[in-house]
Amino acid sequence: MDRILIRGGNRLSGRLPISGAKNAALTLMPCALLTDEPVTLRNLPRLADVDGFGHLLNQLGASTSIEGTRPEDFGRVMTIRAGKLTSTEAPYDIVRKMRASILVLGPILARAGVATVSLPGGCAIGNRPIDLHLKALEAIGAEIEMAAGYVRASAPGGRLPGGRFSFPIVSVGATENVVMAAATARGTSVIENAAREPEIVDLCNCLVAMGAHIDGIGTERLEIEGVDRLHGATYAVMPDRIEAGSYACAAAITGGSLELVGVKAADMRATIDALVEAGVSVAETKDGIRVSADGRLRPLTLSTAPYPGFATDMQAQFMAMLCRADGASVLTETIFENRYMHVPELARMGADIQVRGRTAVVRGVDHMAGAQVMATDLRASMSLILAGLAAEGETQVSRVYHLDRGYERLEEKLQAVGADIERASDG
Ligand code: UD1
């Protein structure tokens, strides 16, 4: 298994390219199941989760081909052709490795009139039920049965009628599933309290490029008038606002200055506002944003919330950064119930963090020391990398496969801006 070795203390400086967004890629890829014409996605990040999703599409009978990109380039162009689905089932051995596999449920159901998907596994950051995915699909006409760890959904008469659903709590994945399923319904669907994350906007824009009729894009009320068929399209995946935020924290924690190239600042306002409040300077440039820090960071009080609030996917990275702030910060996690698994690992590096329920009090410390630490989930892993960049001595992060799910060529990008970081393989 691979490990990442970091010798901390270098200030990072230079230009760092931001990849296509993992979470957008994972909802754009299943859109290709909705049409028998090819869908080409540009700026697709090279990530284990994207490869895994491609494999799942292959199992369903779609072909995936990668074109015109050299190994040294960031991002890829993938064409997905789902001329005919040869299977309507997403099996356990794939779904358990990647929770986002649940996002094929809506598209397969819309295309084939029936879909069977194993209950998911994935990131260990809480219970993560899929009840809202199922309720939303039921509301637009799906019939749902559960048996032997699988969900079986069917559309009476082979096509969903459409309908109305108001989400009791905001769910990104469930919004994505129902929007994809509603795109080719017989009638109109209205989704209230829909998630408004930029990745949902990206999904809607891609569906519109494929011929869907969607009103209210970017708002909490989506109205989707079903169309008889969708056609192929070419679409570029949006930049990864979470990757960008993570590297912004890397600039801040090392007292460095990074230009994050390709970022859309408007998609990450809450992150930028929090950085600025912590005393980090963030300026928009022609190509993205420049994030610079010198001197001690200020402590923050932050609570995670659905977009446009402060993203839960940024909580762990901010916690690492605030370990070096001048005073006590208070972080509250409102989205997932078990998202502090990085805390004991950060403590091994000298952090002073107390967790009570959903709130963590982070007291800034003068020094952190390198240690052997273990990654537990994707964003938690990044918080350990950040702490390692600022710590004295060597940090070894094991279970790097978590990072490979969501950060394209992490060590290469960080080396290029001055970090002393490498990957070691134990064979
Ligand atoms: C997506 C993101 C993930 C991010 C999260 C919140 C992807 C692939 N993943 O995850 O990186 O951290 O949004 O921004 O895009 N819930 C239910 N029932 C459901 C679905 C969700 O109770 O059927 C709850 C969850 O347990 C959680 C909350 O709703 O407490 C929000 O989860 P949701 O927005 O659905 O997260 P994901 O789509 O899984």
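Which atom of the ligand is 3.0 Å from an N or O atom in the side chain of Asn23? It is an oxygen atom of the ligand, as the first view shows.

The model is predicted, and local features need pLDDT of at least 70, side-chain atom pairs count only at pLDDT 80 or more, and totals for chains, interfaces and linings use all residues. Residues are numbered from 1 along each chain as its sequence is written, and side-chain values use heavy atoms, with hydrogens and water left out.

**View A. Polar contacts of the ligand.** Besides the oxygen atom at 3.0 Å from the Asn23 side chain, an oxygen atom of the ligand is 3.2 Å from a polar backbone atom of Pro129, and an oxygen atom of the ligand is 3.5 Å from a polar backbone atom of Ile130 (a polar contact is a pair of N or O atoms within 3.5 Å). Of the 730 Å² of accessible area that the ligand has on its own, the protein covers 85% (Shrake-Rupley method, 1.4 Å probe).

**View B. The shell around the ligand.** Among the 18 residues around the ligand, Asp131, Leu132, Ser171, Asp313 and Ile335 come nearest (a residue counts if one of its heavy atoms lies within 4 Å). By class, this shell has eight nonpolar, five polar and five charged residues. Helix 5 (131-139) and helix 6 (172-182) are the elements that give two or more residues to the shell, and helix 5 gives the most, with three (helices are DSSP runs of H or I, at least four residues, and strands are runs of E, at least two). Because domain 1 (2-19 + 239-425) and domain 2 (22-236) both give residues to the shell, the ligand lies between them.

**View C. A cis peptide bond.** Tyr307 and Pro308 are joined by a cis peptide bond with omega of about 15°, and Pro308 is placed in the loop between strand 18 (301-303) and helix 10 (315-322).

**View D. A positive phi.** Ala148, a residue other than glycine, has a positive phi near 50°, and Ala148 lies in the loop between strand 8 (143-147) and strand 9 (150-154).

Definitions and conventions. Polar contact = N/O pair within 3.5 Å; in protein donor to acceptor, adjacent residues only side chain to side chain. Nonpolar A, V, L, I, M, F, W, Y, C, P; charged D, E, K, R; others polar. Domains from an automatic or database assignment.
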